[in-house]
Amino acid sequence: MDTNQITRVLSIYSRFYAGEGLNKRAIAAEFQVSEKTIQRDFNQIRDFLEQQGIQAPIRYNASEKKYFWHERNSLLKPDVIYSTTKILLESRAFLKNEMQQIIEHLIGQINLDQRKILQNVLSSDMSGYRNLQTNISVTNLLWQLAKEIEEKNCIRIVYTKEFNPSKKPTVLFPVGIIFSEYYFYLIAYQTSFKPDYPTIYRIDRIQSLESQPHFKPSYNIAYFSESAFRDRIQFMYTGALMTIRFRFTGPSVQAVLDRIPTARQLHNNEFEAEVYGKGIKMWLLSQGPHIEVLSPASFRAEMKEEIQHMLSKYD
């Protein structure tokens with residue numbers, strides 16, 4: 001296969017892969033070869049993919065007078081890519097150059113006309129995109145942590161907080177990774193004692209990480225579910241797990257049920273939910289006069305004390 005043929009076949013393959021429909025006569029004219037040559041190229045691409053175990057029929061669409069790779073229907077479509085990129089941009093989860101690479105990769109899956117439309121509608125979002133204040137890439141660390149969780153290894157990390165420069169090493173048993181409020185968080189259990197609930201670490205604050213595959217916690221860790229944990233936490237603050245009841249008189253019950261997935265409506269605008277204490281208190285306070293905590297009594301008293309403390313600032 002000569003250089004011209006390699007270039008032609010790769011060009012045809014990449015266009016099929018991007019979802020373009022190809023007119024045999026137009027492609028033949030572009031590369032100054034016969035239509036029979038282009039047909040042989042189509043056959044070579046199909047045979048190669050079948051050898052790789054990929055069923056990729058190249059079929060002719062009579063109404064458009066073009067050939068299409070039908071397996072492209074299983075890949076992302078423009079509307080899905082657009083929705084996904086909007087969520088990604090709003091998250092601000094990655095550095096600008098990383099975000100550009102991710103979006104370019106997503107957009108590269110569709111044909112040139114659709115790609116131009118998406119590039120135009122997303123140009124304003126990309127030009128105005130701002131990194132978070134930390135300006136730290138976490139992609140490599142995320143993947144390393146994911147592998148440690150999958151292999152059920154303990155890890156040794158050096159972690160710093162925003163207002164505490166201490167860099168004391170800690171050995172943890174990692175169980176999950178969650179994204180919330182612009183940042184990725186590691187969910188892990190302390191290994192030196194048996195905690196009532198896991199600890200949360202913002203991943204961009206992990207200074208170093210070492211795998212400790214032969215280290216075992218001093219106790220057995222029960223099954224952990226990321227989805228169950230996410231349903232019960234607000235603003236990535238844990239605290240004791242408890243069941244609360246509250247009355248909501250705001251305009252949107254749906255907003256409550258969306259924000260607190262474990263909540264269920266009882267009667268007379270009353271709700272019950274299983275949640276972690278610290279984070280839920282922050283959300284309840286944000287609802288102002290539309291929320292009244294009913295139980296447990298200790299949490300109701302805690303809310304009252306917090307509100308009185310807030311009020312004292314305006315005296």
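How many nonpolar, polar and charged residues does the lining of the largest cavity have? Good morning, everyone. I shall answer that question shortly, and then move on to the largest pocket, one sheet and three single residues. Please keep in mind throughout that this is a predicted model.

Let me begin with empty space. Rolling a probe the size of a water molecule over the atoms shows where empty space is left. When the whole structure is searched, one cavity of 30 Å³ or more is found. The volume of the largest cavity is about 130 Å³. Its lining consists of 16 residues, and those nearest the centre are Ala-93, Leu-132, Thr-134, Ile-136 and Val-138. Now to the opening question: the lining of the largest cavity has 10 nonpolar residues, together with three polar and three charged ones.

I turn next to the largest pocket, which has a volume of about 810 Å³. It is lined by 23 residues, of which Tyr-159, Lys-161, Ile-200, Tyr-201 and Arg-205 are the closest to its centre. Three elements each give two or more residues to this lining, namely strand E4 (169-180), E5 and E6. Which element supplies the largest share of the lining of the largest pocket? That is E6, with four residues. Sorted by class, the lining of the largest pocket comprises 10 nonpolar, six polar and seven charged residues.

My third topic is a sheet. It is an open sheet of four strands, arranged in the order E9-E10-E8-E11, and the pairing is antiparallel. Strands E9 (264-265) and E11 (291-295) stand at the edges with a single partner strand each, so one side of each has no neighbour in the sheet. Within the sheet, strand E8 (residues 241-248) pairs with strand E10 (residues 270-276) over seven bridges, in the antiparallel sense. As one example of such a bridge, Ile-244 has Ala-273 in E10 as its partner.

Let us now look at single residues, starting with two threonines. Thr-85 belongs to helix H4 (residues 78-91). Is Thr-85 buried or exposed? Thr-85 counts as buried because its relative accessible area is 0%, and the cut-off for buried is under 20%. A polar atom of the Thr-85 side chain lies 2.8 Å from the backbone oxygen of Tyr-82. If we leave aside neighbours within four places in sequence, Thr-85 is in contact with Ile-103, Leu-106 and Leu-122.

The second threonine, Thr-191, is found in the loop between strand E5 (183-190) and strand E6 (199-202). Thr-191 is buried, with a relative accessible area of 7%. Which backbone oxygen does the side chain of Thr-191 reach? It reaches that of Val-171, at 2.9 Å. Again leaving aside neighbours within four places in sequence, the residues in contact with Thr-191 include Cys-154, Val-171, Phe-173, Phe-215 and Tyr-219.

Finally, I come to Lys-216, which is located in the loop between strand E7 (206-212) and helix H8 (226-231). The relative accessible area of Lys-216 is 57%, and this residue therefore counts as exposed, since the cut-off for exposed is over 50%. Lys-216 and Glu-150 are 66 residues apart along the chain, and their C-alpha atoms are separated by 15 Å.

That concludes my presentation. Thank you for your attention.

Definitions and conventions: Residues are numbered from 1 along each chain as its sequence is written. This is a predicted model: local features need pLDDT of at least 70, side-chain atom pairs count only at pLDDT 80 or more; totals for chains, interfaces and linings use all residues. Side-chain values use heavy atoms; hydrogens and water are left out. On a 1 Å grid over the protein atoms alone, a cavity is a set of points where a 1.4 Å probe fits but cannot get out, and a pocket is an open set with protein on both sides within 12 Å along at least five of seven lines; lining residues have an atom within 4 Å of a point. Grid points are joined across faces, edges and corners, and a volume is the space filled by probe spheres set on the points. Ala, Val, Leu, Ile, Met, Phe, Trp, Tyr, Cys and Pro count as nonpolar, Asp, Glu, Lys and Arg as charged, and the others, Gly among them, as polar. Buried means under 20% relative accessible area, exposed over 50%, partly exposed in between (1.4 Å probe, protein chains only). A polar contact is a pair of N or O atoms within 3.5 Å; within protein, one must be able to donate a hydrogen and the other to accept it, and residues adjacent in sequence count only if both atoms are side-chain atoms. Contact means heavy atoms within 4.5 Å. Two strands pair if DSSP finds at least two bridges between them.
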